[in-house]
Amino acid sequence: MKRLPLTSTPDRYQIAVTLDGVDVGVRLVWLPRAAGWYATLLDASGAEISTDARVTPGAPLAWPTAGEGFPPGRFIALGPDDYGHDDLGAQVGISYVTAAELAGL
């Protein structure tokens, strides 16, 4: 399992990672009215390949699990159920479970 390098500052940013040999981007946005972080998955060119998914600890991110540009593993959010803005990257994170790890379950 690989933990994505996240931070709570700024309120909107994007990271690039390689997961199971697939280059992707993850855009994170804090939505104050919803009191939550939302993540969008991007392909290697920066085009959106998913819709916004709320970062809900203890649950997989609500992204499709197959398709062009998607890595073959799964993304899950970890941390306490009740979280605030500043918890992202500290108490709350997103981890990627590799295809090999999924096959071993």
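The exchange below walks a newcomer through a predicted model of this chain.

Colleague: In what order do the 4 strands of the open sheet stand?
Modeller: The strands of this open sheet are paired in an antiparallel manner. β2 (12–19) and β5 (53–54) stand at the edges with a single partner strand each, so one side of each is left without a neighbour in the sheet. Reading across the sheet, the order is β2-β3-β4-β5.

Colleague: How many bridges join strand β3 to strand β4?
Modeller: Strand β3 covers residues 22–31 and strand β4 covers residues 36–42, and the two run antiparallel. One of the residues involved is G25, whose bridge partner in β4 is L42. The number of bridges joining this pair of strands is 7.

Colleague: Is G25 buried or exposed?
Modeller: G25 is placed in strand β3, and, leaving out residues up to four places away in sequence, G25 touches I15, A16, T40, L41, L42 and D43. I15 is 10 residues from G25 in sequence, while their C-alpha atoms are 5.5 Å apart in space. Because the relative accessible area of G25 is 5%, and the cut-off for burial is under 20%, this residue is buried.

Colleague: Which residues have the most contacts inside the largest nonpolar core?
Modeller: In soluble globular proteins, nonpolar side chains tend to be buried together. Here the largest nonpolar core has 26 residues, and the elements giving two or more residues to this core are β2, β3, β4, β6 (74–78) and β7 (93–97). I94, for example, is in contact with residues including L4, L28 and F75, once neighbours within four places in sequence are left aside. The residues with the most contacts inside the core are L4, L28, F75 and I94.

Colleague: Which residue forms a salt bridge with R27?
Modeller: A search of the whole structure finds 1 salt bridge, and its closest N and O atoms are 3.0 Å apart. R27 lies in strand β3 while its partner lies in the loop between β4 and β5, so the pair ties together parts that are 21 residues apart in sequence. R27 counts as buried, at 16% relative accessibility. The partner of R27 in this salt bridge is E48.

Colleague: With which side chain does the side chain of S50 make a polar contact?
Modeller: S50 is found in the loop between β4 and β5 and counts as buried at 8% relative accessibility. The side chain of S50 reaches the backbone nitrogen of L41 at 2.7 Å, but that is a backbone atom and does not settle the matter of a side-chain partner. At 3.2 Å, the side chain of S50 makes a polar contact with the side chain of W63.

Colleague: How are the rings of Y13 and W37 arranged?
Modeller: The structure has 4 aromatic pairs in total. In this one the ring centres are 6.4 Å apart and the planes stand at 75°, an angle that is over the 60 degrees needed for the class. The pair links distant parts of the chain, with Y13 in strand β2 and W37 in strand β4, and both residues are buried. The arrangement is therefore edge-to-face.

Colleague: How far apart are the ring centres of W63 and F75?
Modeller: W63 lies in the loop between β5 and β6, and F75 lies in strand β6, 12 residues apart. Both W63 and F75 are buried. Their planes stand at 75°, so the pair is edge-to-face, and the distance between the ring centres is 4.9 Å.

Note on methods
Residues are numbered from 1 along each chain as its sequence is written. This is a predicted model: local features need pLDDT of at least 70, side-chain atom pairs count only at pLDDT 80 or more; totals for chains, interfaces and linings use all residues. Side-chain values use heavy atoms; hydrogens and water are left out. Two strands pair if DSSP finds at least two bridges between them. Buried means under 20% relative accessible area, exposed over 50%, partly exposed in between (1.4 Å probe, protein chains only). Contact means heavy atoms within 4.5 Å. A nonpolar core is a set of buried Ala, Val, Leu, Ile, Met, Phe, Trp, Tyr and Cys residues joined through side-chain atoms within 4.5 Å. A salt bridge is a side-chain nitrogen of Lys or Arg within 4 Å of a carboxyl oxygen of Asp or Glu. A polar contact is a pair of N or O atoms within 3.5 Å; within protein, one must be able to donate a hydrogen and the other to accept it, and residues adjacent in sequence count only if both atoms are side-chain atoms. Rings of Phe, Tyr and Trp (its six-membered ring) pair if their centres lie within 6.5 Å; planes under 30 degrees apart count as stacked, over 60 as edge-to-face and the rest as tilted.
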